[in-house]
Every structure is written in C-alpha cells, then in structure tokens.
Amino acid sequence: MIKQIIYVFIPILLAFCTNICNAENTGSSLYYSNVDSVLLVETQNNSGSGVILKDDGTFVTCFHVISDADYIKVTTKNGSRYYVNGFRYINPLNDIAILKINSKNKFKPVQYNLYDNLIVGEKVYSISNPKGLQFVFSDGMINQYNKDYIQFSAPISSGSSGGALLNNQGYLLGIITSQMNPSISQNINFALPNKFFLSKINNNVIFNYQNLNWTEFIIENADKEQFKIYTNYAFNKKNFVMLYKYLKKITTRGDFPKESYSLLGYLALMAYDKTNTQEYLNDAVRWYGLSLSYNQDIEASLFALNYLYAKNNNDELLKNVFIRLKKEYPASYYKLIELMTKTGNCAEIDKKCTRLVGIELMDYLEKITTFNPNAELKF
C-alpha cells in the first residue's frame, strides 16, 4: 500500500519540482540573456536607464532623463563607460530619445517584439536602474494596455525610466517611462510600446562633432517647430533651468524680441537659484540690464537689479537703481528692504532660512513681472 502511494506521488512531485525549477531558470536566464543590452544613463544631475537597439551603440531612453544634459555617459553591466556623441531621433512629446554611443565597439542589441499582441495578465520583466541601484531585475504582469501605453505591475522607481520591459521570451515590449505617485498608489507603472521608436532606429545619426554642451547641441540642430516643442516641454515641466538653457542658445539670433529680455533675466535668476552657477547670475544681470535699457518691465527690472547688484557688490550701479526703485515703486522698494533684512538675519549655516527668503524673492519678482512664466511660449 505504501509503495503504491509512493509510486503515485513521486511523478507528481517530480513534475511539480520540474515546473518550479524551470520557472526559476527561465527568469534567471532571461535576465542574463538581456542585461548586457541595458545601460545606466547619467548626466551631470540625473540618471536613468537605456536599451541598446543596434550593435553600433544605438540605444533608446526617455527624453526626460537627458532633457537638460551638459553631457551624457552610459555604463554597461560589465562596467565599461562611454560618452554619447549623437542622436537619431528625439521627441519630447513622446518622451523618446534615440542616441548613439561614441564607440566603434560592438554592443549586444535587445530582441524586440514587432507585434502588438499583448495579453492582460501576461508575465513581464523589467531591467533598469532604480534609485541608483544598477541593473535591477523585477517581475510583474500586464494590467492593461492601449495604443499609447502599457500599464504593468513589475516594481520600478526613479531611475528606471528608459529601462527594458520584456515578455517571458525575453523580447522587448517597450521602455519604462513613469509610475503613478507611489504615495497615492502602488505598482501602477507605465511603459511606451515599441511602435513609438522602432521605426526611427535607422535614421541618420546627427553627430556632435564639435563636442558641444549636449543641450546646446540639440537646440542647434532643432528647427523652429522643434524648438517650440523643447521650450513648451520645459514650461510644462516647470523646469526653468532647462528652459533657460534652451532659450539662451537661441538668443544669439538678432530677432529675439526685446520684450522677452526680462523673461530671460527671470529664468537666468531661477537657474542660478537652483544651481548656484555664477554664469547664470551674470546672465541675469545682463538680461535685466538690457530690459531696463529698453524700458521693458521697469519695476521688475529695477527690483531684480537691486538684488543682483547687492549680491555682486556693484555699489556704483546699485546706487542708481536703488534711488530709482524707491522713488518710482515704493512698494517694491520696501519689499526688497524686508527681504534683504531677512537674508542678513539668516545665520551663515542656516541654509533653510536663506532658501526660504530666496523663494519669497522669486515669488515676488514673478508677481510684479508682466509676463507669465507659466504660460506657453509664443514665437
């Protein structure tokens, strides 16, 4: 009797074990078969992920990962590092950037799924670089999909953007783009399907032969319509540092409207406030000075220049604008005195206090400025 029970259950147990082992081997082999096709993508102040699509180093990532880059470098799983020196296709509206690694080495491209035959409940896997961790593997399922996105449950986080979403055969289904606010909901994550970028991977490469700052390079190669897309993207993201980088490049054109000089001054000051870069502070002085010389946004220009000249210890220049602000715009004069007093009362080590005063100053400057920095740019 015991022997009969053993004979009955042994095949069942073996089958069960075989299924479990195969499932584990499938996940493990899928990771090791694809991780060499995934990249860590880094800029001077951001990081994300990328997926290699061609053996020449053409890869795709999310535009928001590299949107205000000074440079872009990538790292492979084996630790090799390379710089990016060109692009095939960039579309901020779809959050896509198809870039080219600066190397003659051969890279391992991912296999991709050409067909839109996804199934809700289908198992999926992700490889990406969440929260500074590198080449992390996770699994989940497709929760829903439509022509614009794939929603999936494999855990991701900041830094996963541009990473690979794979099916259980190891084929790329799309690239990870975003997650719903995790404080509101969990594991509601999104990927952009392949159809948004696969047709562009054979576009001609536009190379950065002059080794320009990356943002300057892409703006230099943007036509008027593309430039509008870049700048409105930055406005929508409320990323004024990025917006100033975009706009600064085009100010070399002689037809840039004089009425926008105070806008440039405001954005340069915002960029300085975010980065503490002296170049942006000098730019703010220049643009507000030009705005005042053309009698544009006089109150805002006087207010800003008082702050900027005091910060740069330009006593002679400060004296003239200080007297004029007090005479013509007393409310702004007393507001500036209040803010400068608060700044003086902030201890050197109290960065929080100084930061709060800076925010208050920028809010007031926006209030008295005739342009709306949150509106769409018109050209």
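1. Start with the surface. The protein chain exposes about 19,700 Å². Carbon and sulfur atoms supply 52% of that exposed area. Keep in mind that this is a predicted model.

2. Next, the interior. The protein chain has 379 residues, and 48% of them count as buried.

3. Now the secondary structure. The protein chain contains 10 helices and 13 strands. Two residues, taken up below, show how a loop position and a helix position can be described.

4. How do the contacts spread along the sequence? Take the contacts in the protein chain between residues at least 6 apart in sequence. Of these, 62% join residues at least 24 apart.

5. Look at tyrosine 209. Its place is the loop between strand E13 (206–207) and helix H2 (214–220). Is tyrosine 209 buried or exposed? Tyrosine 209 has a relative accessible area of 72%, so it counts as exposed, because the cut-off for exposed is over 50%.

6. Tyrosine 209 also has a partner to check in the 3D view. Which residue lies 8.5 Å from tyrosine 209, C-alpha to C-alpha? It is glycine 86, and the two are 123 residues apart in sequence.

7. Turn to threonine 231. This residue sits in helix H3, which covers residues 224–236. Its relative accessible area is 0%, so threonine 231 is buried; the cut-off for buried is under 20%.

8. What does the side chain of threonine 231 reach? The backbone oxygen of lysine 228, at 3.1 Å. That distance falls within the 3.5 Å cut-off for a polar contact.

Terms used. Residues numbered from 1 in each chain as written. Predicted model: local features only at pLDDT ≥ 70, side-chain atom pairs only at ≥ 80, totals over all residues. Heavy atoms only, no water. Helix = DSSP H or I, 4+ residues; strand = E, 2+ residues; numbered from the N terminus. Buried < 20%, exposed > 50% of the residue type's maximum accessible area, 1.4 Å probe, protein only. Polar contact = N/O pair within 3.5 Å; in protein donor to acceptor, adjacent residues only side chain to side chain. Contact = heavy atoms within 4.5 Å. Areas by Shrake-Rupley, 256 points an atom, 1.4 Å probe, with all protein chains shown as cover.
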